[in-house]
Each structure stands twice: as structure tokens, then as C-alpha cells.
There are 2 protein chains.
Amino acid sequence: MTKLRLQKHIGSQINETGVVLSQIVSYFENECFHKKEILLSEGSNCNKLFFVSKGCLHLYFYDSLGNKKTTQFAIENWWLTDFLAFQKEGVSNFYIEAVENSEVLSISFMNLKKLLADFPQMEKYFRIIYEIAYGSALMRLKYIYSYSKEDIYFKFRDDFPDFIQRVPQYLIASFLGLTPEYLSEIKKK
Amino acid sequence: MTKLRLQKHIGSQINETGVVLSQIVSYFENECFHKKEILLSEGSNCNKLFFVSKGCLHLYFYDSLGNKKTTQFAIENWWLTDFLAFQKEGVSNFYIEAVENSEVLSISFMNLKKLLADFPQMEKYFRIIYEIAYGSALMRLKYIYSYSKEDIYFKFRDDFPDFIQRVPQYLIASFLGLTPEYLSEIKKK
DNA sequence: CGGATCGTTGATCAACTTCAACGGTCGTGG
DNA sequence: CCACGACCGTTGAAGTTGATCAACGATCCG
């Protein structure tokens, strides 16, 4: 049962009985996606928040030259959506696609509001989730401002060695903000 | 009374009586800093969260070449700290400095925990604050990945015209991740 | 007045991109 | 089971963006 993973994760952040936790996860829907399947398209309304219980997703958009740019990955225990669109229930500029066959829990904006109203403890959970996500976004910005692209790659490789294995190189390149060709050149050293 | 600004801001996000709101803001301390004064130093423990009620702060660090890099500004109604260090009550790698003479409300990590325990409604408030902050960090990352430095400057100038006026140019340059010289060249056009 | 601070200018240089071509691998259909 | 094409990584040459460095000007303030 893949909801167990979410239940555990919530339980690790807030103090609640198993009964309450299982009520909470009942607000979520279980969905499976195979590799390359699209969960969210540009131009469509972003009204779902995803929790990855197995597999890997990525969030990307097309820049003005038509290149795909990956800005986020999400693996097990991570949350993903186009947060900007989700917050205002608006149209998204992004795509979300499965990098691997993935199992995902999803919740609609409406149901999330309902969940937060019914279980105010969940405000704390999401406060923590956003806090961590914000912290890591800032860390990423700091890296971008601090290091050359070469160093950024090395840092990433050292910090997330499993990621390098799991995700094709051109996605890594896109995520780190450099071209596949240049990444290839860096790797030679 | 500068706490009024915070009170209003909290009131705009969560539904509470004036009485409760004024209890909430009583957890904060009022502090004033003059231009260039330092609120947080690298190497010191980051145990305070700041809310700007008047003025402007910036968060920066020194890169490996010894250049100051500004990663965040905070003006009225914004929260600022080294969130990574604050979360784990750890040592900071950043400085926070007043760009202008500023009035700030501060709260220690301990008191924030106390506040959240005493007024669980505040979890919602901070959930929203982090949600917005995270959204804007992602937007910034998207800009960095999408546009040339020239375009980033133009976007910034169009989106935050008052900022350009208020903050010296070399800080803008640092924040946008380009050199003052290059920014100068861009402006010529 | 004199110094510190900030913005500007132009020359040189390095980091990184772009483009075009090639080679390997994997999966699918014949 | 083989052959083909799609997909992905690699290579090298040429081109661009933006950084660096040094010098000069302007302004502000004590």
C-alpha cells in the first residue's frame, strides 16, 4: 500500500496517532504513471499536488528557443507541483512528466483546503515541507551564484551520486543549467 | 507603533480578533538598525527571524574569491533570516545587513516555537509565508534558467522599478548575478 | 579640501554555447 | 534474431556572453 509511505512521512513530522494519520491519507488518490507519461501540461489548470511514493518526476518548461528546461526533480518522499499556479489555482507554464515508472499520491486544491480545515495539524506539516523546500531552493541559488558550472556539476555529483545513475544525463544538464555537450566535456576530466 | 504593521500582515492571512493578534505580536521584539549595520554575521549562530516593518535589509555571503554576493533583499512586510541555519539552530554562512535605516521585529527560535505552540493558527500563517517565499524562489530560478543576464536585468527593472531607485546599483548587480561593470554596459542601451 | 564610495569605459580574456557530425545502445517490428 | 531507427552521449571548431582588470569621473560627506 503506497499510502503507507506518506503516512510515515507525515508521522515523522507531526505527532499523531495511526488512526488520524490514516484518515489524513484517505484524502489522497493513488495514481500510477509510466515513464514519459505527462502529469501536467502547460496551459492547463494546475489543481493537483503530487507526492512521490515511488519513482521520479520532473518539472520543466520550454524556454524562448524551444529548449526543455528542467527546474525540479522529485523522488520518493518529495512533493511536486507548479506551486505558483497551484497557489492561485491558475494556468501552469510548466509540464510535469514521469522520468521513471512512478507511483504518486495526488490531492486536488479543493481537497487540500478541506484537509487543512479538517486537520489543522497539517498546517504544521506543510509549513515544515515548505520550509525545507524553500531552504533547498535558496541553497540552490547560492550554488548558482557561487560556483562555475563545472563546480556545480561536481558538487551535484558528490551530493547526489544516486541521482546521476538514475536520471539521464541530458536531464541533469538541463537541471544544472548547462548544455549536454559541456557536461560531457566536464566529465572527461 | 511598528508592531501594527506585522499585526496587519498576520491579520490579512489568518482570521483572528485584534486581541489575539496583539498577543501574538507581543512575542516579537522591536529593533532599529542604521544603514550598514550588521544584524547577523557569518560564523555566528543564527537564532533570529526578522520581519521588516520599515527599511531594507539584505542577505549576502562571500564567495571563494572574496566577493560579496547578495542573495536576498527584504523590504517592508518581508521576512528574512538565514533559513537554513535558523531551521537547525546552526551556524550561519551569511551576513544580514541594513541597506537603509530600518525598523525590524525579531523573534528568537525559542520564542517562535513557543508562539507556534501557544497559537497553532500561526502555523497556517507561516505555511503561507513559506509557500510564497518558495514560489518566488522558484520563479527566480526559472528566470535564471530562461534569460540572459541582460534580459534578467530588464525584467527586474520592469517588475521592481522602485527597487532600482532604492538600492545601490552594485547590490542590484550582485543580486542579479552579474558584475557592476556589465550592468553599467547594459544600462547604456 | 581630501578621501572614500560608487558608477563608467574600454581592452583583453575565459567560460560556456552553438552547430554539425559521429558512434553506441536499446527497443521494436519484420 | 536480426536490422533499423530513435535516442543519447561525445567530439571538436567556431562563436558569444559576460568576467576581469585598470583607469578615470562623479558625488557625497566629514
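**Notes on two chains and two DNA strands**

1. Let's start at the DNA. Around strand D, the nearby surface breaks down into 5 nonpolar, 4 polar and 7 charged residues. Bear in mind that you're looking at a predicted model.

2. Who sits around strand D? In total, 16 residues surround this strand, and the closest are A:Gln169, A:Tyr170, A:Ser184, B:Ser148 and B:Tyr182. So much for single residues; now the helices. At least two residues each come from α8 (169-176) and α9 (180-188) of chain A, and from α6 (149-159) and α9 (180-188) of chain B. The top contributor here is α9(A), with 6 residues.

3. Now turn to strand C. There are 16 residues around this strand, with A:Lys149, A:Tyr182, B:Gln169, B:Tyr170 and B:Ser184 coming nearest. Chain A supplies at least two residues from each of α6 (149-159) and α9, and chain B does so from each of α8 (169-176) and α9. On this side, α9(B) has the largest share, 6 residues. By class, you'll find 5 nonpolar, 4 polar and 7 charged residues near strand C.

4. Next, the place where the protein chains meet. Here 26 residues of chain B are in contact with 26 residues of chain A. On chain B's side, the elements giving two or more residues are β5 (68-74), α3 (83-87) and α5 (121-146). If you only look at one of them, pick α5(B): this helix gives the most, 18 residues. The chain B side that touches chain A comprises 13 nonpolar, 5 polar and 8 charged residues.

Key:
Residues numbered from 1 in each chain as written. Chains lettered and ligands numbered in written order. Predicted model: local features only at pLDDT ≥ 70, side-chain atom pairs only at ≥ 80, totals over all residues. Contact = placed C-beta atoms within 7 Å. Helix = DSSP H or I, 4+ residues; strand = E, 2+ residues; numbered from the N terminus. Nonpolar A, V, L, I, M, F, W, Y, C, P; charged D, E, K, R; others polar. Near = placed C-beta within 6 Å.
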